[in-house]
Amino acid sequence: MRRVQACYLIYKQFEPNHPSIHAVLLLGMPVLLARQLPVLQQIGAVASHWGLILALTALYRRSPFHPLAKFPGPTLGKLSKIYVAYLTARGDLYRVIESWHEQYGDVIRIGSCMFGWGLIQLWSSFCLAAGPNELTFYYDTRLNPEGDFQLDGIRDFSVHAARRKPWARAMSSAALKGYEPILQMKTLELMEELSKRHREKIDISHWTNLFSFDVLGHVAFDRELGLVKSGEDSDGLIHIVEGGVYAGALISHVLWMVPFFKYIPAKGLRAVQLLAASYVQERTSKGSKSKDLSRFFTEDEGAAQSGATMGEITADGMLAIIAGSDTTSTMLTNLWYFMLRHPEYAERLRKEIDLTFPPGEDPLDFSRHADMPYLNACINETLRVLPPAPGGLQRTVKRGSGGATICSYFVPECTQVSVPIFSVHRDSREFSPLPDDFWPDRWLTQDSYVLPNGDVIGKEQVITNRGAFIPFSFGPQNCAGRALAMVEMRAVACVMMHKFELRKPKEYDLNQWEKDMWDALIMLRGKLPVILEQRQGH
Ligand code: HEM
């Protein structure tokens, strides 16, 4: 019993995360002590050793001595985050967490983790504090086998800030102008391919995905992936990226498994890493004709200041593909979904687009998209109701900090803290009325508002807390590609609505769309069948 207690205390006190320490504590100890016994009894000794450690862990987690004992939460969830990993595998974790918040309140406990709902202040004050706040070691999955961290896995604030510098320059207004020709070429190519399929039933989710990966290929590496032209993901690039994302999501909730991540034969993920490496190498050796993102990492006069090695630049190239493609295409497909659900909003959006770009004018004039209130309201509302990264991004209270007091909650050191974006966006204290509904008007500035049921309300009855609008997260580790994503989404939404009317095939049930969504930290999704009608004269 004493050996079990010793192992348990080592786990509780030091949270070791190296595979060799797990091997010693979970296998070495019981086998060593039972080495004189026959094999079957040795197996029995290992099993009872594991069982007892699990029982002690469960007892402690349910006991009043646990530092998070006063926080409410679901019974199974309090026992282990393996339960949360199971919900991730099921795909609907973000909705389950929201229902827990409805049941238990703002701050809930899951394993040794807290989720704060509606407490956007919790997230902001924690994320901005460089003191006790740290990325959890889940982000070690951002380390490639060559030993290079992607930007989003860097824990040290000053190293992270230096590595973000090229990203900041790559998203400046001048740099964004440089990407416009790429976006223009790719958007027109998409429209051309879609026109060929006029009146056919197509999966618009698939096409939007091909498009966003193609854009990233060009923007990041000046490389033609040719997905839209071929109409398919011929090399399986999207498939392997999404496979890697899914594997990472499962492991993200059971942190002691993170060190084993690199031993999982995640062929897909490795394939993306190798692919990104080949793209970067090719791009660096041949140079670029267009003003792509890579030049900010390799050629720009500020590139050297970031201190990034070639390996790290390659890792960030892979990050650009993963972080920038699926997220943007999810948002765009969600917008088509809402336009199909609410034809009255689609009509209003089309009216604004037609007024801004009367016949003969180019809807791909980027300089005007940011000033189209209804277009931007529809985009914001899509990102609010169905954020492409719906879950809680993980941070932890640094070991050795003594804990942190965040919004009057004392949070012990090593506690994981997470604020689910989806739940914050559905909080009626931040967005009201109709927090669960798609209602773009909430983003417009006016004296009175007409609700979908025809009632008129004054502006004092509408709450739209822009500070709680966090689809791109918050703080120093927020989305580095937000500006590009916004330019891309506005352009495609505008041109698509200008050129086509979207119809739902009779047999398709729109309720299926949200059922098919899969929360894998970023949202994975099913098919959205549509029929496109080309508009007269467009
Ligand atoms: C609608 C589109 C997008 C959404 C909703 C989105 C959302 C997010 C979120 C929530 C994070 C924070 C992740 C975390 O804290 O773990 C993030 C990080 C990041 N995103 Fe995006 N993203 C989008 C598009 C893009 C694009 C187009 C790019 C680049 C081309 C990009 C590049 C990045 C990078 C590099 C990070 C890591 C930042 C850091 O750690 O400093 N994202 N994104």
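**Salt bridges and nonpolar cores in a predicted model**

User: Why is Arg-90 called partly exposed?

Analyst: In this predicted model, Arg-90 has a relative accessible area of 40%. Partly exposed covers what lies between under 20%, which is buried, and over 50%, which is exposed; Arg-90 is therefore partly exposed.

User: What makes the pair of Asp-92 and Arg-90 a salt bridge?

Analyst: The closest N and O atoms of Asp-92 and Arg-90 are 3.1 Å apart. The cut-off is within 4 Å, so the pair qualifies. Asp-92 is itself partly exposed, at a relative accessible area of 25%. The structure holds 27 salt bridges.

User: How do you know that Arg-350 and Glu-347 form a salt bridge, and what separates them along helix 16?

Analyst: Their side chains meet at 3.8 Å, N to O, and a pair within 4 Å counts, so this is a salt bridge. The two residues stand three residues apart in helix 16 (residues 343-356), a separation of about one helical turn.

User: Are Arg-350 and Glu-347 buried or partly exposed?

Analyst: Arg-350 has a relative accessible area of 5% and is buried, because buried means under 20%. Glu-347, at 44% relative accessibility, is partly exposed.

User: Which residues are joined into one network by salt bridges that share partners?

Analyst: Lys-186, Glu-189, Asp-214 and Glu-224 make up that network.

User: What makes the pair of Glu-224 and Lys-186 a salt bridge, and where in the chain do the two residues lie?

Analyst: The N to O distance is 3.0 Å, and the limit is within 4 Å, so the pair meets the criterion. The pair links distant parts of the chain: Glu-224 lies in the loop between helix 10 (204-221) and helix 11 (227-230), and Lys-186 in helix 9 (residues 173-196), 38 residues apart.

User: Why is Lys-186 counted as buried?

Analyst: Lys-186 has 1% relative accessibility, and buried means under 20%, so the label applies. Its partner Glu-224, with a relative accessible area of 40%, is partly exposed.

User: Which residues have the most contacts inside the largest nonpolar core?

Analyst: They are Tyr-179, Leu-194, Trp-336, Met-339, Met-489 and Leu-528, in a core of 118 residues. Helix 15 (residues 310-341) supplies the largest share of this core, 14 residues. Leu-528 touches residues that include Ile-202, Trp-336, Leu-340 and Trp-513.

User: How many residues are in the other core, and which are among them?

Analyst: This core lies apart from the largest one and has eight residues, among them Val-84, Leu-87, Trp-100 and Ile-110.

Definitions and conventions
Residues are numbered from 1 along each chain as its sequence is written. This is a predicted model: local features need pLDDT of at least 70, side-chain atom pairs count only at pLDDT 80 or more; totals for chains, interfaces and linings use all residues. Side-chain values use heavy atoms; hydrogens and water are left out. Buried means under 20% relative accessible area, exposed over 50%, partly exposed in between (1.4 Å probe, protein chains only). Helices (H or I, at least four residues) and strands (E, at least two) are DSSP runs, numbered from the N terminus. A nonpolar core is a set of buried Ala, Val, Leu, Ile, Met, Phe, Trp, Tyr and Cys residues joined through side-chain atoms within 4.5 Å. Contact means heavy atoms within 4.5 Å. Lists of a residue's contacts leave out its neighbours within four places in sequence.
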